[in-house]
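This report describes the domains, the chain interface and the symmetry of one model. The sequence and the structure are shown first.

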There are 2 protein chains.
Amino acid sequence: MITVRVGVPAESRPAERRVAGLPETVTTLIGAGLTVDVQAGAGRHAHASDAAYRAAGANVVPDHPAGRCEVLVSVQPPTPEQAACLREGDITISFLQPNAEPELVEVLRANGVTSFSLDLLPRVTRAQSADALSSQALVAGYRAVVEATRRLPKFLPMFTTAAGTVPPAKVLILGAGVAGLQAIATARRLGAVVEAYDVRAAAKEEVRSLGAKFLELDLETQGGVYAQAQSEEFLERQRQLIAERVAASDIVITTAAVPGRTAPVLVTNDMLKAMTPGSVVVDLAAESGGNVAASQPGEDTWLGEVLVVGARNMPSTMPVHASRLYARNVTNLLVMMTADGRVAPDLDDEVLAGCCLTHRGELRRELS
Amino acid sequence: MITVRVGVPAESRPAERRVAGLPETVTTLIGAGLTVDVQAGAGRHAHASDAAYRAAGANVVPDHPAGRCEVLVSVQPPTPEQAACLREGDITISFLQPNAEPELVEVLRANGVTSFSLDLLPRVTRAQSADALSSQALVAGYRAVVEATRRLPKFLPMFTTAAGTVPPAKVLILGAGVAGLQAIATARRLGAVVEAYDVRAAAKEEVRSLGAKFLELDLETQGGVYAQAQSEEFLERQRQLIAERVAASDIVITTAAVPGRTAPVLVTNDMLKAMTPGSVVVDLAAESGGNVAASQPGEDTWLGEVLVVGARNMPSTMPVHASRLYARNVTNLLVMMTADGRVAPDLDDEVLAGCCLTHRGELRRELS
């Protein structure tokens, strides 16, 4: 019997250090009756050697596996050239970021490839084990605090010494999704005093359960959402609140990004100018437009004596564990569409239908 | 009445970002009846502006204040050229590191300067508020964990996610003095599993009280010290224990430095080769010979897939709070020798006598 071959490439996009398969997930896929080809060097940043992949049962191949496997799994989307090697009926899974890659999407559609984008995974219970957006946001939230901490010229914890006390750092987190909540938890671990804000007033309980203060606007809410959200009054009150709390903080971490959409500017240059010299601002949304007006993706920018860190692919800065979570996510999704060694996605399944982008020459989602 | 003038220079030695006086300590010194001159830009890395020093009552002066003040306080020792400007009876306080700076010491002696080295401060209760070695070791221990954490491609805390669990990082601390204990505390805060070793078996209780495991050699102790310390048997048992625990760790931080002496090599290249790829080792003793054979001060060195970080002036990486503690320490020592606006060190006082290096043309300590 000829088994279905899964290909794991060495990621070729700039500064991508993760990998979509690790020896442990190779073992899982072989257990599901599949064969796995791993491109030589694929795990180098994740410190997984070719020998370790071989020991887990993978074939280590010299080139990008597109066109020599039936299923291609990766972190970043294939390039249009790599995608052009895929054949009708082949399957590919990655963060396809379809709105940013219309040329790639057209190649996938035209070639009859069945493509799944983890960006589009429905947020339902059955899909949680494949939820790579959440797992990578967890990494990003943790790393945002690590990167801020190393740049802050102060301690995060309070210290009482024979030469007197230094107070704990004050940390403000804007956006209390997965990344924001993990940033809160990490800053709290390090002993900082933390406060957080989210347009969803319903985030209050989660924020408080992590030991942080939840900042509230004095406005009516309906079902946990500010009733007047996006009204002029709402935006002005929000602006005032954020300005006041930014000025009082040593570290600000902004996490208000929505995949595929432009992030809202929450922190203006005037707000930064009111901060204590030496303060640090990390903008996790820098790649999607930025929550901080002054941020540039992948760069540290000084605005006066305030350091603005524009995140670029934050999960990639911690490739071993980011890859471990991602590889498990993508493997879980693949196993969900595999039975008896055959990969046959059931597009009536809400999870698979939800994240399927192209299939049999059809584009199944409208791009924006 | 002409008041005694205290000078605070902008530090001129390479990569020194701390400052020996801040606006708050200017206020203290003026309260003690002294006048303070601060060199323009002295506080720039500590984010203390010339305007803030002026607001606290200091004179901001354009040049290095040596020779224009009666008391010179600094972090790094003055250069021999700066010291040559000091006059008979002038006082200077810094980390003089006398064994490393024999030429400087000779200038101070020959010019009749009364010099105090914070390296030499007696470890007695009355001296604690001036104990800059301890305050800066506190900073170094904290920063060692921050620097290791940002280089580790893994989480420190354990995470349980829908895609399974990642275990907590394992951290080994060698040396449980002030820096080592602070490294233990910081790694524990971040959720790591921590173990520590010290040649002083008596360090056990402190290590355990911070939630870490204390590694013990199966050897007799006398008064909390291994009776056979430095014997062949002791050294071989210690080597075996360290080799075994290094191999099992994600992060190793070595802190076994004794000011003025060459640090012992505790971690060999063979030990590093047995570590998991991606592991990180921080050698806080890199500047004094190194506890890690492969470390180079101020450099990151890969040994295979293990990253060795050679610390150089770690406190200087966190200049606001390192300066705050240092400035308070040096100010406390200066106030100890000041009464009614006159600075008159009583060299019968054990604290002042203990750290006085030169006085009236005499060298009061033997250099090694």
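Glu147(A) and Arg151(A) lie 4 residues apart in helix H5 (residues 132–151) of chain A, which means that about one helical turn separates them. Helices here are DSSP runs of H or I with at least four residues, strands are runs of E with at least two, and both are numbered from the N terminus. The two residues form a salt bridge in which the closest N and O atoms are 2.8 Å apart. A salt bridge requires a side-chain nitrogen of Lys or Arg within 4 Å of a carboxyl oxygen of Asp or Glu. Over all chains, this rule yields 44 salt bridges.

The model is predicted: local features need pLDDT of at least 70, side-chain atom pairs count only at pLDDT 80 or more, and totals for chains, interfaces and linings use all residues. Residues are numbered from 1 along each chain as its sequence is written, chains are lettered from A and ligands numbered from 1 in the order in which they are written, and side-chain values use heavy atoms, with hydrogens and water left out.

**Interfaces**

Chain A is divided into domain 1 (5–131 + 319–363) and domain 2 (139–317), with bounds taken from an automatic or database domain assignment. The C-alpha centres of these two domains of chain A are 33 Å apart. The table sets out the boundary between the domains and the interface between the chains. Contact in it means heavy atoms within 4.5 Å, and buried area is the accessible area (1.4 Å probe) that two parts lose on being put together, summed over both. A polar contact is a pair of N or O atoms within 3.5 Å; within protein, one must be able to donate a hydrogen and the other to accept it, and residues adjacent in sequence count only if both atoms are side-chain atoms.

| Pair | Residues in contact | Buried area | Carbon and sulfur share | Salt bridges | Residue pairs in polar contact (both at pLDDT 80 or more) |
|---|---|---|---|---|---|
| Domain 1 of chain A and domain 2 of chain A | 9 residues and 6 residues | about 580 Å² | 47% | 0 salt bridges | 5 residue pairs |
| Chain B and chain A | 43 residues and 43 residues | about 3,900 Å² | 65% | 0 salt bridges | 18 residue pairs |

On the domain 1 side in chain A, Arg18(A), Pro319(A) and Ala322(A) supply 46% of the area buried against domain 2, more than any other three residues. The residues of that side comprise 4 nonpolar, 2 polar and 3 charged. In this classification Ala, Val, Leu, Ile, Met, Phe, Trp, Tyr, Cys and Pro are nonpolar, Asp, Glu, Lys and Arg are charged, and the others, Gly among them, are polar.

Between the chains, 18 residue pairs are in polar contact (both at pLDDT 80 or more). Several elements of chain B, including helix H5 (132–151) and helix H6 (178–189), each supply at least two residues of the side that touches chain A. H10(B) gives the most to that side, with 8 residues. By class, the side of chain B that touches chain A has 21 nonpolar, 14 polar and 8 charged residues.

**Symmetry**

A turn of 180 degrees and a shift of 0.0 Å along the axis lay chain B on chain A with an RMSD of 0.0 Å, the superposition being by least squares on the C-alpha atoms of residues with pLDDT of at least 70 in both. The relation is therefore that of a two-fold axis. Within chain B, Arg189(B) has the C-alpha nearest the axis, at 2.7 Å. Both copies use the same surface, as 100% of the contact residues of chain B recur in chain A.
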